[in-house]
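Please open the model in your viewer, keep the sequence panel visible, and follow the stops below in order.

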Amino acid sequence: MIRRRLLLGHPARLGLAWKANSADLVLPARSYFRGTTVSKLPRAFSTTTSSRLRDFFPQTETKLIRKTPSAWPHKGWTDEQMLSVQVGHREPNNVGDWIAWRLIRLARWFMDKATGLSTNQQVDKKNPTTAVLAEKPLTEAQWLVRFVFLESIAGVPGMVAGMLRHLHSLRRMKRDQGWIETLLEESFNERMHLLTFLKMCEPGWFMRLMILGAQGVFFNSMFLSYLVSPRICHRFVGYLEEEAVHTYTRCIREMELGATPKWNDPNFRIPDIAVEYWNIPEGKRTMKNLLLYIRADEAVHRGVNHTLSNLNQKEDPNPFVSIYKDGGKPEAASKTVGFERSEVI
Ligand SMILES: [Fe+2]
Ligand SMILES: [Fe+2]
């Protein structure tokens, strides 16, 4: 084993840097792919020297406060729930669905280009949402770039939708029937995903610029689109979450195949923020398990948003916080295509 900076190609352009965490900096002498030695790889992954790496959102120490717990504690996942998550795709069946789906495909194409995925790292293009097999796996650095970018985007729509429904309720003097809390909680959950990954790497200026630009464009377009058609927006998020489940499923699979030696190392420590938020028990604090937790969250967002898109946006209560006459409860994660209105209202 040697201790050195990870040298990689494309992610360097995005300016991500590994954090100076002892486990993070341990690399095998030879990289995983094609027997290339680390030193032969073309450019430094980090744009920041290790001496300048820092914890850029450390816990604030004050004289009086011991701890600031999360306002929305996570309900946790059982192994069975996490392992039962399926990759799935809802076929577009009207023009709105089709628009949402094409926009997601376009975003995916852009993301693949921006993160420098080679052709042999892409999955079967004929079956884009359900395929998780590619000729060549992604590196840990490439995964982190995708996760950070994806999560920084994924935290936006829930907040926009929650905010607009909140304002709608105020100005129309009408009840919202439980949508706002679920939508805001979704964006909170996405932000926890992002903060978790940010504890493993530090984005450089280029990545920050990309996130800034993407947020500016995405927030404003989501804001205007939600005013015009909340139904299409929820479908769009449903498709975005399909992509998220797909992405984490592929990563978990490649981890199982040994493509991510650093994360597979038994000494690799997942961030404390994640352990606390998901309440991950001792002995299960592995990277693979962390991705299983996150993937289960994404499966919930997928089911929730596809379902919300199927409802009457103005009148229907939110099924996921409602109490049913027969005592039942719809489980969003289990329904890859969401519930039809007739099933839950
Ligand atoms: Fe997420
Ligand atoms: Fe999500």
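The tour goes from confidence to an annotated site, then to two helices and an annotated span.

Before selecting anything, note that this is a predicted model, in which local features need pLDDT of at least 70, side-chain atom pairs count only at pLDDT 80 or more, and totals for chains, interfaces and linings use all residues. Residues are numbered from 1 along each chain as its sequence is written, while chains are lettered from A and ligands numbered from 1 in the order in which they are written.

**Colour by confidence.** With pLDDT taken as the predictor's confidence in each residue, from 0 to 100, the protein chain has a mean of 84, and 83% of its residues reach 70 or more. Helices (H or I, at least four residues) and strands (E, at least two) are DSSP runs, numbered from the N terminus; confidence is lowest in strand β3 (residues 26–27), at a mean of 32, and highest in α10, at 98. Select residues 17–53 next, where the pLDDT is below 50.

**Select Glu151, Glu190, His193 and Glu298.** UniProt lists these four residues for "binding site" in an unreviewed entry; its positions are given in the numbering used here, feature names are shortened, and annotations may be inferred rather than shown by experiment. They are spread over 148 residues of sequence, yet they cluster in space, with a largest C-alpha distance of 10.4 Å.

**Centre on Glu151.** This residue sits in helix α4 (residues 140–172). Is Glu151 buried or exposed? A residue is buried if 20 or more other C-beta atoms lie within 10 Å of its own, exposed if 12 or fewer, and partly exposed in between, with C-beta atoms placed from the backbone; Glu151 counts as buried because it has 23 C-beta neighbours inside 10 Å. Two residues are in contact if their C-beta atoms, placed from the backbone, lie within 7 Å, and, leaving aside neighbours within four places in sequence, Glu151 is in contact with Glu190, His193, Leu194 and Phe197.

**Move to Glu298.** Helix α10 (residues 287–310) holds Glu298, which is buried because 28 other C-beta atoms lie within 10 Å. Not counting residues up to four places away in sequence, Glu298 touches Glu241, Ala244, Val245 and Tyr248.

**Finish with residues 205–228.** The UniProt annotation "transmembrane region", again from an unreviewed entry, covers these residues. In the model, the span 205–228 is 100% helix and 0% strand, and its end C-alpha atoms lie 35 Å apart.
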